[in-house]
Amino acid sequence: MSRYDKEYQVIVVGAGHAGCEAALASARMGCSTLLLTIGLDTVAQMSCNPSIGGLAKGHLVHEIDALGGEMGLNIDATGIQFRRLNTRKGPAVRAARAQADRMAYSARMKNVIEDELLLDLKQGLVDELLVEKGLILGVKTREGLSFYGETVVLTTGTFMRGLIHVGLNHYAGGRAGEPSAEGISGSLITHGLRVGRLKTGTPARLSARSIDFTKLEKQPGDKVIKPFSFMTDKIVREQVDCYIAETNEVTHQIIRDNLDKSPLFAGVIEGIGPRYCPSIEDKVVRFPDKKSHQSFIEPEGVRGSEMYPSGLSTSLPPDVQLAYFRSMVGFEQVEIMRPGYAIEYDFVEPMQLKATLETRVVSGLFHAGQINGTSGYEEAAGQGILAGINAARQCQDREPVIVGRDEGYLGVMVDDLITQPTTDPYRMFTSRSEYRLLLREDNADQRLTELGRKIGLVDDIRWEKFLEKQQQVTAATQLLKTKSITSADREIVDSLGLGELKSGLNLEALLRRPELSLKQLERFFPELEKFSPQALEQVEIAVKYEGYIKRQLEQVERYREQEDINIPAAIDYMEIPSLSTEVREKLKQIRPISLGHAGRIQGVTPAAIAVIQIYLRKKYHG
């Protein structure tokens, strides 16, 4: 075994979405960083859907961007169709989504990584962790080369003992066409970590020239595009259309007739699949009365011919896949370019992690992405930036960064992972947050940019732009309070349908009316036009939802009361009377850092929390 002659502060294993954000964060914070990947040509690869964002996922991308991450900038530069979702619903659940040019997305991210001065990108398949007395020392590759570093961030995706299933055939692979990583799981188990098994899947890729798009419903993107990143002023890339297709009863019958060839139903697959993104064969079985299932047919690039049929992931044999596709309207002559497949892979149970994403049993070892039992590029990237930040801060002997549940979906996700058992791949939803009206896409910068600045990820240009927006929000809010209309302003009163005004109203009071918007007021008050659309959006939401926001802020205050009661790391739960054996075991396993954290552990009752609180008061506060 040969030792590489350069040592690093942070070593990141895996260059998927988690690994890219982790490595960039670490390097930008001033740490010498190594990013190791199985293949240099697959950096930030979009293995499944060529899209970024969506419900709750878009919130994560905005938060990554607010901290100074790269995902928002990358999709803005390579997106080929942008759409806002839930625009007719409340601001808490509105979200951005964009189709990416898959190859361009990967290429741009690789260029960004290669241009980062303190970051080395190297090819190598890691098969062993170097650990001594519970402390990470580095990693060893299959080629026999050892790299040493102060911390290691594992972002292995689906590569740990990856097993690909196509029909009843299966073979080792981390993705189609790429090898699996066979040694890391054993190394993790050796050092005391519990490893489980999960499953995910992807649909076939179809040839665009073999699809009759005239028979499909066209789905264009937004005419006015709102970028993901706070730093993107305008989307300039060529935009494309997507299409909507439907399965039918013939499709479903073909699938039912071939369930014996599905590894999912033949008992070949051991891993648990994603509950919220089932395969088409799973849908047909679970919803027998549903006559059709919708699929969005999405291009994988501006120039390429591959099309992605969302919602149709499968592990059926290729000939069955072809048969059921050709039963669909518009796909009568379709050709499959790549068959769909299912993949099983190892993950490490995330309840073994600290809130920093560092493992409890190996000091300096951090996990991010699908290794933690999550699904989705956005969830992976969010964990990646947090793991990279905390690995870097550990090397710099600085306090770790923990985002609270009241501060971001990033905090909700990490807290869920380390507190609740993983029963299937974790996916972010807005419903997972107790404070979702406070955690909107539009105010991600207000919530997290100051933190990004404090830790060294927000540069001067972003910071100045952020301060300018904050000043605009303050000035626009003041303008609404000071500008008024009276019954004498007949043109405004009549145009806005205000009826008879018995007394004057300021613009803030007018804006509280659900039928009025700032856009309508701008017609009569051109002073509002000097403010950016982003600042005005913040102001309008703050006014219209003031009562709801106030109530959630009061809930946050009550939440923080228990979050502020710290539980010492050395506490002996055996000393605390009246706790059940089950509660003691769970507390010893997870080691919660606060009373609030303890209260979110499954099986830890309110009565147990009260007992712990009394014990802490007597033991540590007299």
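This passage describes the nonpolar cores and a small set of strands in a predicted model.

A good place to begin is the interior. The largest nonpolar core brings together 69 residues, and within this core Tyr-105 and Ile-113 have the most contacts. Helix H9, which spans residues 377-395, supplies the largest share of this core, namely 10 residues. A second core, separate from this one, is made of 24 residues; among them are Leu-498, Leu-521, Phe-524 and Phe-531.

Tyr-105 deserves a look of its own. With its neighbours within four places in sequence left aside, Tyr-105 touches His-17, Ala-44, Met-46 and Ile-52. Its contacts also include Met-71, Asn-74, Ile-75, Thr-78 and Ala-100.

The next feature to find in the structure is a sheet. Three strands form an open sheet in the order S4-S6-S5, and their pairing is antiparallel. Strand S4 (51-53) and strand S5 (79-85) are the edge strands, so named because each of them pairs on one side only. On average, and with direction ignored, neighbouring strands in this sheet are turned by 15° against each other.

The pairing of S5 with strand S6 (residues 95-100) can be followed in detail. These two strands run antiparallel and are joined by 6 bridges. Along this pairing, Arg-84 is found opposite Ala-96 of S6.

Finally, a helix accompanies the sheet. Helix H3, covering residues 71-78, lies across S4, S5 and S6, and its direction makes an angle of about 115° with S5.

Conventions:
Residues are numbered from 1 along each chain as its sequence is written. This is a predicted model: local features need pLDDT of at least 70, side-chain atom pairs count only at pLDDT 80 or more; totals for chains, interfaces and linings use all residues. Side-chain values use heavy atoms; hydrogens and water are left out. A nonpolar core is a set of buried Ala, Val, Leu, Ile, Met, Phe, Trp, Tyr and Cys residues joined through side-chain atoms within 4.5 Å. Buried means under 20% relative accessible area, exposed over 50%, partly exposed in between (1.4 Å probe, protein chains only). Helices (H or I, at least four residues) and strands (E, at least two) are DSSP runs, numbered from the N terminus. Contact means heavy atoms within 4.5 Å. Axes are lines fitted to C-alpha atoms, for helices over the stretch in contact, and angles run from 0 to 180 degrees between N-to-C directions.
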